[in-house]
Amino acid sequence: MNGWQALGEESRNLVDAGSSVPIRRSFQQVAALANSLKNTIRGGDFNEQEVNATRLLARGGVDARQLETPIRFPAKRSVDDRGGSLERAAKRAVYSENVGAVASNSAINILLRKVDESTYGRKRAEIERRQATQPFPSHALQTWAYPGTGHLANTQQRADWGGYVHNTGTLLGPSEAGGRMELPAKEQGYIDAVSRMVESRKHSGSFSAAPEFLDAASGVVEADQGIVACWTLLKEMASELGTGHGSKNTHSSTVKSLLRGTRKFLESRNDKGMAKMVQTHRGSMCIGGDPEKLTEIKNFIVYKHRDSVKLDINTGAEGMQTSWVQVYYALRSGHVREALIAAGGAKWPPATQRMRPLKSFIEEWHKENETLSSSSTDDLISVCKVWLNNPSVERRNPLFKFKVLTLAFLCGSADLVDLLGTSVAQPWESLDEYLWFFVGCAQSATEPMSFNLNKLQKRIREFSGSFYSREGKAPMMYALVLLASLQFKAAIQFLAQDSMAESYRSEAVHMALVLYHHKMLEAGMNGDVGTSATGVDLGVLVESYGHQFTRSNSFLALNYYLLAVDLRGTSRDMKRIANALRRVILESRDYYGLLGNGGRLALDHPLMLFLKGGAEIDEVLFLAAQECERFSENEEAYAIYMAAGRHSKALGIINVQISQTLQGWVHQAYGGLRDFERIQHELMSLAKKGKDAASRMGVLDSPQGEGFKLLEAIAGIFRNFFQDRFPDAVGCANSISFFPSSRCEVATKVEYLKSVDHALVHILSDVLRVYATALVKKYEENTGDDNPSERISALVAFARIVPPPFVVGKEVFKELEALSSKVLDYRRD
């Protein structure tokens, strides 16, 4: 019968008998079977790396089955012939961007370490190539000039800090000299700004954090202008939010303030750019009594349209009338006064000459906090619709778009904005202008049908981050776009996770802190895609950054850990604060710096800045110590209890450590190991800490104080016993108050044991065994002594009824009974 037949017969017998039938195989047979199964599983076209890469793509929401379908390239179409394909192209671009964002998520990065990067990268590259077959929409401008310089550093080095890759040009980590952190100037500036932001908590006045970080970013050599622009934008937003313009503190007023800050930032950028262009190309023909800024605007218009049309500015009446253009660029640069002057010469087209002067609309808009009444908005919308729906000679004017843009900007109508995008060719000339126009429309919104924040954010999301960042060459430009549209969490997520923004992880951390500090983080509401389930955990982000400082600057690390608690929305949760303190203490082991060597905390201690008063600090310290004790982190628990003034609890920790050390000593000694010097040194160190805690308690009649004295005596018993000084060991035992000397004392001693520190639970069995053995050894050395049978018999009775949680092991109990029998035999002899 061959092997398979035998196995089948055994199986049938097993079923029939209903009992186990042993199947005997040699080790070689088992190994052969295992290899056979492994080869079967991995057979065919199975590839472990391929499966792991596919699994990673699936976790990122990417279907790898796209690789199995052929690419269908669309037929080329003209801009006017595309129709609905524009929307599909935009969605495809957004999807491609989301793939990149998900793939660089920190959790995915961790998994990626286990997968051959070439396999994963090959699949990703192929999928992204297939997704990029559609062109970008034409009306999203691709020709704007980005003032930034790209990545900060040429030499890229990485430091892994808790799942996020930080890239600053130099390694963020301790230098070889004394563990001190060597940081780039910008990074050090950020850290100093964080420290000042935390210190401001002890002052009642408000602290503007954004300017501090702007100074840190702009004050370095060859500052990254993309980073500077983002911080400048946040500074303007925070400034407008602080101003308030007399409005109530509602979400609507907050949004309007933030959008006003964005608009002012973009206006300031345009004003500086315009002045620079005029200064560079001195060819002004405009000389007269106009205000300086209006002259500059006219010169800018002359230079900008020098090759297209003749203008009234430099050719007089025969040139094309530019009052509307001047109004638009004055508003675009934030100069309302100049816009009002220029509006005086603006004329309505013949079909709409009955309208009130343009100047009155601008005056109303400016006076009413950049908004128009419903009736004024309706008037301007009707005018624009007439212009846009009825082509005429006026419509063919190359400067016509400035009339429509000006009115659409003032009234902020969603319908008008949509009509404008389809009726006017290339209405915006740069991304800044594009943002300024739509931010201004959203800020001016008053009616439900107005172009509001949600519509602004939706329009921004029509195109991917690769588009805004010029295929990753200017990643901070995309961050700027997200911040400008109040997609704050989305901006942080991009900077924290996207591979394009690998050089800007620190900006993600500190922008999150600034946005939270200024109460701006939630302003984007549901339109902020960073609030989705795939968004970054801001608490983890900040805490991971702070982790790198635990060994070099524990106060700084604790600042970041506590700020992370704030970001999670649990700033008054004492347990979370205690847990943050505990983890910094565990990672830094800076007991003296963080806990003040048992005294009160320093005034600049992070806990003093984040908490209100001594009661909260004591509560946090106590909770942190309890957590350490729960996880057997005894050294940390002792230090924190001492700092909290809970000296009896600290002494209880020492008692547990002494008890465990004595227990280990006994087990080593009975096992034949005599590491006497090391154990003595450890016990002396613990005894010193115990005496310090006991001296601060003032009284030693507590369970912990009594337990400490008992453990001192037990240590003396063990020390003498293992050095074969049995009489001395018995002498030390006389100070153990719960040892019965006769059977009549057993009940009393058992009752007394209930009040003894439970740290002795670990050592009770061993001390009973050692004491009983010492009694017998002492008697054997000197038979003239009293026979210890009564004492050992009492110990046996005591061991039988010790109260919980104390327990005497079975082996020890048998040994006690054996010793009792042995001394009884001596007595008979």
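The following exchange goes through a predicted model of a protein, from its overall make-up to single helices and residues.

Biologist: How many helices and strands make up the secondary structure of the protein?

Modeller: The chain has 829 residues, of which 50% count as buried. Among contacts between residues at least 6 apart in sequence, 68% join residues at least 24 apart. The secondary structure itself comes to 39 helices and two strands.

Biologist: What share of the area that the protein exposes is supplied by carbon and sulfur atoms?

Modeller: The area in question is the one that the protein exposes, and the total comes to about 39,900 Å². Of that total, the part supplied by carbon and sulfur atoms is 51%.

Biologist: Is helix 7 roughly parallel or roughly antiparallel to helix 8?

Modeller: Helix 7, residues 185-199, packs on helix 8, residues 210-218, with the axes 8 Å apart and an angle of about 165° between them. Because angles over 145 degrees count as roughly antiparallel, the relation of helix 7 to helix 8 is roughly antiparallel.

Biologist: How many nonpolar, polar and charged residues are in the contact of helix 7 with helix 8?

Modeller: Helix 7 passes helix 8 in a right-handed crossing. On the side of helix 7 the contact is made by Lys 186, Gly 189, Tyr 190, Ala 193, Val 194, Arg 196 and Met 197, while helix 8 brings Glu 212, Phe 213, Ala 216 and Ala 217. Sorted by class, these residues come to seven nonpolar, one polar and three charged.

Biologist: Which helices do the buried residues of helix 15 pack against?

Modeller: In helix 15, which spans residues 358-367, the buried residues are Leu 358, Ser 360, Phe 361, Ile 362, Glu 364 and Trp 365. Beyond the helix comes Asn 369, with a positive phi near 65°. The partners of the buried residues of helix 15 are helix 10, helix 13, helix 14, helix 16, helix 17 and helix 19.

Biologist: How is helix 32 oriented with respect to helix 37?

Modeller: The axes of helix 32 (residues 647-670) and helix 37 (residues 764-781) are 10 Å apart and meet at an angle of about 50°. Since angles under 35 degrees count as roughly parallel and those from 65 to 115 as roughly perpendicular, this angle belongs to neither class, and helix 32 is therefore, relative to helix 37, oblique.

Biologist: Which residues of helix 37 make the contact with helix 32?

Modeller: The crossing of the two helices, 32 and 37, is left-handed. Helix 32 contributes Gln 663, Val 666, His 667 and Tyr 670, and these meet, on helix 37, Asp 766, Arg 769, Val 770 and Thr 773.

Biologist: Is Asp 766 buried or exposed?

Modeller: Asp 766 lies in helix 37, and, leaving aside neighbours within four places in sequence, Asp 766 is in contact with Gln 663, Val 666, His 667 and Phe 718. The relative accessible area of Asp 766 is 5%, and because buried means under 20%, Asp 766 is buried.

Biologist: What is the separation of the C-alpha atoms of Lys 689 and Tyr 638?

Modeller: Lys 689 has its place in helix 33, residues 676-697, and is partly exposed, with a relative accessible area of 27%. Not counting residues up to four places away in sequence, Lys 689 touches Glu 635, Tyr 638 and Ile 654. Lys 689 and Tyr 638 are 51 residues apart along the chain, and their C-alpha atoms are separated by 8.9 Å.

Terms used. Residues numbered from 1 in each chain as written. Predicted model: local features only at pLDDT ≥ 70, side-chain atom pairs only at ≥ 80, totals over all residues. Heavy atoms only, no water. Axes fitted to C-alpha atoms, helices over the stretch in contact; angles between N-to-C directions. Helix = DSSP H or I, 4+ residues; strand = E, 2+ residues; numbered from the N terminus. Left-handed = near helix turned anticlockwise from the far one by under 90°. Contact = heavy atoms within 4.5 Å. Buried < 20%, exposed > 50% of the residue type's maximum accessible area, 1.4 Å probe, protein only. Nonpolar A, V, L, I, M, F, W, Y, C, P; charged D, E, K, R; others polar. Areas by Shrake-Rupley, 256 points an atom, 1.4 Å probe, with all protein chains shown as cover.
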